[in-house]
Amino acid sequence: MAYHKPIETPFTRKTKVLEKLFASGIRTEKALQALGMEQILAIKEITVPDMAVILELQKNAKSHTLFSYLGGDENEPASQDE
């Protein structure tokens, strides 16, 4: 029986990136926002697709839509009462 690599879903990719961030000591939105390219490149086993997820995490944390982004609803408008 041949081994088939599981299909990676967008949520799985986001979760793996979050695990890498947590392992690197990035545990708050403030720390996430403070990440620059140099710090991102220093994260162990970081890939180009991971970097794209980090940039999306930063963008969505800043616009207060992080939970929607993680849940897959990337089209939810930001709250107007900010």
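Where is the place of Glu 45 in this protein? Glu 45 sits in the loop between α3 (37-41) and α4, where helices (H or I, at least four residues) and strands (E, at least two) are DSSP runs, numbered from the N terminus.

The structure is a predicted model, in which local features need pLDDT of at least 70 and side-chain atom pairs count only at pLDDT 80 or more, while totals for chains, interfaces and linings use all residues. Residues are numbered from 1 along each chain as its sequence is written, and side-chain values use heavy atoms, with hydrogens and water left out.

**Overall fold**

The protein has five helices and zero strands, and read along the sequence it follows the pattern α-α-α-α-α. Of its 82 residues, 24% are buried; here buried means under 20% relative accessible area, exposed means over 50%, and partly exposed lies in between, with a 1.4 Å probe and protein chains only.

**Two loop residues with positive phi**

Glu 45, although it is not a glycine, has a positive phi of about 60°, and with a relative accessible area of 59% Glu 45 is exposed. A second residue other than glycine with a positive value is His 64, whose phi is near 60°. His 64 lies in the loop between α4 and α5, and at 56% relative accessibility His 64 counts as exposed.

**Salt bridges**

The structure holds three salt bridges, a salt bridge being a side-chain nitrogen of Lys or Arg within 4 Å of a carboxyl oxygen of Asp or Glu. They are set out below with their N to O distances.

| Basic residue | Acidic residue | N to O distance |
|---|---|---|
| Arg 13 | Asp 50 | 2.4 Å |
| Lys 20 | Asp 50 | 2.5 Å |
| Lys 59 | Glu 56 | 3.3 Å |

The salt bridge between Arg 13 and Asp 50 links distant parts of the chain, since Arg 13 is in helix α1 and Asp 50 is in helix α4 (residues 48-62), 37 residues apart. Asp 50 also meets Lys 20 in a salt bridge, and this pair again links distant parts of the chain, with Asp 50 in helix α4 and Lys 20 in helix α1, 30 residues apart. The surroundings of these side chains can be described by their accessibility: Asp 50 counts as buried at 1% relative accessibility, whereas Arg 13 is partly exposed with a relative accessible area of 23%, and Lys 20 counts as partly exposed at 21%.

The remaining pair, Lys 59 and Glu 56, lies within helix α4, the two residues being three residues apart, about one turn of the helix. Glu 56 counts as partly exposed, at 27% relative accessibility. Through salt bridges that share partners, Arg 13, Lys 20 and Asp 50 are joined into one network.

**Aromatic residues**

The structure holds zero aromatic pairs, where rings of Phe, Tyr and Trp (its six-membered ring) pair if their centres lie within 6.5 Å, planes under 30 degrees apart counting as stacked, over 60 as edge-to-face and the rest as tilted. Lys 14, however, lies over the face of Tyr 69, at 4.1 Å from the ring centre; a charge sits over a ring if NZ of Lys or CZ of Arg is within 6 Å of the ring centre and within 35 degrees of the ring normal. Another aromatic residue, Phe 67, is found in helix α5 and counts as exposed at 75% relative accessibility. The C-alpha atoms of Phe 67 and Leu 57 are separated by 9.8 Å, the two residues being ten residues apart along the chain.

**The largest pocket**

Leu 57 is also one of the residues that line the largest pocket, including Leu 18, Phe 22, Arg 27, Thr 28 and Glu 29. On a 1 Å grid over the protein atoms alone, a pocket is an open set of points where a 1.4 Å probe fits, with protein on both sides within 12 Å along at least five of seven lines, and lining residues have an atom within 4 Å of a point. The volume of the largest pocket is about 160 Å³, a volume being the space filled by probe spheres set on the points.

Helices α1 (10-23), α2 (29-34) and α5 (66-71) each supply at least two residues of this lining, and the largest share, three residues, comes from α1. The lining divides into eight nonpolar, one polar and two charged residues, with Ala, Val, Leu, Ile, Met, Phe, Trp, Tyr, Cys and Pro counted as nonpolar, Asp, Glu, Lys and Arg as charged, and the others, Gly among them, as polar.
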